[in-house]
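Thanks for sitting down with this model. Shall we go through it in questions and answers?

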Amino acid sequence: MTTSYIPYLWQRMQALHAQNPLSCHTPGHKNGVFLPLPLREAWGDRFASYDYTELDGLDNLHFSSDCIAQSQQQAADIFGAARCFYLVNGTTAGLQAAIMASCSQQQVFVPRHVHRSVYHSLLLAHAQPIYLPLELDEATGLPLGVSVDTLQCYITQYPNCKRLILVNPTYQGITADNVSCVQLAKAHDITIIVDEAHGSHLHFHQALPLSLLDAGADLVVQSWHKTLPVLTQGSALLVSATYNGPSPESFLSLLQTTSPSYLLMASLEAGSIYMGQQAQQQIAQSLREIFALHSRIEATFMTLHVLWQPEWRQDPFKLYILSERLCGAEMDTYLRQQHAIYSEMHDNNGILFILPLQTTPQWTERLFFALQDMEQYSLAQRKSSVSFPSFYCRTIPQQIYPLEDAFYRKKKNIAWKDAAGAVAGQFILRYPPGIPLLVPGEQVTQEIVELWKASGGSDEEIVSVIAE
């Protein structure tokens, strides 16, 4: 039986719309009346006519008490949380608020494959990161996350550190030891903050890896727009019933815009209701199509392979394809130019697709045909792809200055060819995925210079370093 949910915010927006209100307030397009012609031709004016601000009956995102509060609480119930906060500044604002609330001026365990927004959050919280080394796959160099054995060693070494940040899943959909890490951390009374940007759907089917909120994490930030039917920038911060630290609400009010998009909030509400009502059945149907696509690729192609390792506890909605003859950039270019297929990202070894929650036979057929065409193209090139090193370090770089100290120190610009031995003054990363190889205050080695060049950089590019 389908559970009945109420679109609290959307009902109020519809009621206001029915009045055909005359806008004498922001925004300047006046309920879509003054849209520029190209947008009017593409959208009509109906879409913009719902682009409201904080009017009577529409509540206020900052310390909400009416329809937005009801909508957020309903979403919390759907996702198995105690509280839910809508994020209109993307997941970054949620991570910042969660880390500022729970880690202010505290030590915190930080894996080295976190997104740069986590480092920015650490700076805002004046937190003291203790970096955790990663497990890397030997064949591809992809990060698998932090092993439970590594976490145990660091907990023993730093018994006073009572904060832990985890990434679930990785950009490539890998969850590995994350559930065990949560269990270990909770046994040591450690508060757990999770960047679950790519895992918004994990709660909704037992065949998927576990959402770390369900595993016992305290503060979980999700990018609903990445995998759910939600407008870009729409995210959520979920708070568990076990979290007993300061509320992130006041920090969200500090960080988020005072002019939140009601279109965005309405899409968050509608997306959460969709997940509550339809996700389980839809995911089950999609998984059949996805695993059929896996089997078809492996049975048909000679040089293309799906990266799938059961022990990694991968998310099936992330399809990572390896080629024996093309690097990730070559695959991405061919599919984009020849078939108008846009991947989520590519790296030196492969190409990553985020599959839709509604994966249909028509959708998989189009992708399969394009992959088939790409393989024929690759075979005609009469070459094999060169193996490149991963853009990750197995060991944590030497820290010369603490992160916050380095961030505010005087900088200078030099060429990459002269960077070995200098101290990084900026985050050294490629985007996507936006995961820093070096953070400010860490020493640049010749190995890191070579990794930078192998990822597409050049000797003459400029890098910011600490001016000593």
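What follows is a short conversation about some helices, a sheet and two loop residues.

This is a predicted model, in which local features need pLDDT of at least 70 and side-chain atom pairs count only at pLDDT 80 or more, while totals for chains, interfaces and linings use all residues. Residues are numbered from 1 along each chain as its sequence is written, and side-chain values use heavy atoms, with hydrogens and water left out.

Reader: Let's start with helix α5: which elements do its buried residues pack against?

Author: Helices (H or I, at least four residues) and strands (E, at least two) are DSSP runs, numbered from the N terminus. Buried means under 20% relative accessible area, exposed over 50% and partly exposed in between, with a 1.4 Å probe and protein chains only. Seven of the ten residues of α5 (116-125) are buried, so the rest of the structure largely encloses this helix. Its buried residues pack against α4 (90-103), β2 (107-111), β3 (128-132), β6 (163-167), β7 and α14 (403-408).

Reader: How are α4 and α5 oriented to each other?

Author: Axes are lines fitted to C-alpha atoms, for helices over the stretch in contact, and angles run from 0 to 180 degrees between N-to-C directions. The axes of α4 and α5 come within 8 Å and cross at roughly 40°. Angles under 35 degrees count as roughly parallel, over 145 as roughly antiparallel, 65 to 115 as roughly perpendicular and the rest as oblique. The two helices, α4 and α5, are therefore oblique.

Reader: And what is the handedness of the crossing of α11 and α13?

Author: α11 (262-300) and α13 (361-380) pack at about 20°, with axes 10 Å apart. That makes α11 roughly parallel to α13. A crossing is left-handed if the near helix is turned anticlockwise from the far one by less than a right angle, and right-handed if clockwise. For α11 and α13 the crossing is right-handed.

Reader: Turning to the open sheet of four strands, which are the edge strands?

Author: Two strands pair if DSSP finds at least two bridges between them. The sheet has the order β10-β11-β13-β12, with antiparallel pairing. An edge strand pairs on one side only, and this holds for β10 (304-306) and β12 (345-346).

Reader: Which residue in β13 is the bridge partner of M345?

Author: β12 and β13 (350-354) pair in the antiparallel sense over two bridges. In β13, the partner of M345 is L352.

Reader: Now a loop residue: how far is the backbone oxygen of S223 from a polar atom of the side chain of S200?

Author: S200 lies in the loop between β7 (191-195) and α8 (212-215), and it counts as buried because its relative accessibility is 0%. Leaving aside neighbours within four places in sequence, its contacts (heavy atoms within 4.5 Å) include F79, W224 and S223. From the side chain's polar atom to the backbone oxygen of S223, the distance is 3.2 Å.

Reader: Last one: what separation do the C-alpha atoms of L61 and P260 have?

Author: L61 sits in the loop between α2 (37-43) and α3 (67-79), and at 9% relative accessibility it counts as buried. Beyond its neighbours within four places in sequence, L61 is in contact with residues including Y86, Q256 and P260. L61 and P260 are 199 residues apart along the chain, yet their C-alpha atoms are separated by 7.3 Å.

Methods. Polar contact = N/O pair within 3.5 Å; in protein donor to acceptor, adjacent residues only side chain to side chain.
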